[in-house]
Amino acid sequence: VQVTGVYRDQFNHFMRLLDDALARLAELDEPGNPIAANNRRIAEVLQQQGMPENDAVAASGYRIFSNTPGNYGTGVPHLALASTEWDDDAALAEQFLASSGHAYGNHGWGHHSWGETSEQANLLAEQLRGTQVAIMSRSSNLHGVLSTDHPFEFLGGLSAAIRHLDGEAPQLLVSDLRSREVRTTGLARFLADEMRARYLNPQWIEAMQQEGYAGTLEVLNVTNNLFGWQVVDPSTVRDDQWQALFDTYIHDTRELGTAEWFEEHNPTAQAQILERMAEAIRKEY
């Protein structure tokens, strides 16, 4: 379970309840217990890396991770957008693993190392090996997966880390809690629906145009967040989605007046959108 710094600070009582449940499940003597089996596997790996047996057994039971107590964010969004500073997207995975590897539970809050030689061990990395699916929930109609950088920072960061460790990205899912009928949707489908319903929707664009300068920043924001998804998990973004953004906001093929809007209120934003698109081409996305 990967939690943000804000979640960690607000819901630490729930995290402790969840940790207690996980610890009880791991103690059940029953066949096919995946939590117990994974604990044994990780304890063995940690011992092979030089961790004392008692420390390895204790560390293997952690399942809740975040960043350093008192810190917020992973650094992944900044690094993703500073794309001229790296050639291999493994840098994003390494940033996520380095920033998010602090374990939280009833026997330790924010632990990052155990024993004398365990600085070499990244417990989060060991827990993520072999992951087939990563899932997050969306319960607000205000925010989707492109409206802020946090979805690609955390769910995308997990994907990048797992792809770095295993050579294959996990399936990404979104638990859609925005209506009474709860649905589970693939991340790529959820992102595509959000693109069509919001950022390529003439009604949304008209509302942004009424906001002048602030509206232009929203378009720049979604462009940067689409790029973020592109670099952490390239399979989630399609070429035609980039083309649709270009046609709508740069060439104005739909004749919505977007070129005049940027020119009047914030031509720099349109230049930055073009710059981000050119960078996606340069990095062969």
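Mentor: Two strands pair if DSSP finds at least two bridges between them, and strands themselves are DSSP runs of E with at least two residues, numbered from the N terminus, as are helices (H or I, at least four residues). This is a predicted model, in which local features need pLDDT of at least 70 and side-chain atom pairs count only at pLDDT 80 or more, while totals for chains, interfaces and linings use all residues. Residues are numbered from 1 along each chain as its sequence is written, and side-chain values use heavy atoms, with hydrogens and water left out.

Trainee: What makes β4 and strand β5 (residues 171-176) a pair?

Mentor: Six bridges join them, running parallel, and the definition asks for at least two, so they pair; one bridge links serine 137 to serine 175 in β5.

Trainee: Why is one side of β4 and of β6 left without a neighbour in the sheet?

Mentor: The open sheet has three strands in the order β4-β5-β6, with mixed pairing. Because β4 (133-138) and β6 (183-186) stand at the edges, each has a single partner strand.

Trainee: How do you know that β2 and strand β3 (residues 108-111) pair?

Mentor: Three bridges in the antiparallel sense connect β2 and β3, against a required minimum of two, so the definition is met. Alanine 103 stands opposite histidine 111 in β3, and a hairpin of two residues joins β2 to β3.

Trainee: Which way do the residues of strand β2 (residues 102-105) point, and are they buried or exposed?

Mentor: His102 and Tyr104 point one way, Ala103 and Gly105 the other, and all are buried, that is, under 20% relative accessible area with a 1.4 Å probe and protein chains only, whereas exposed means over 50% and partly exposed lies in between.
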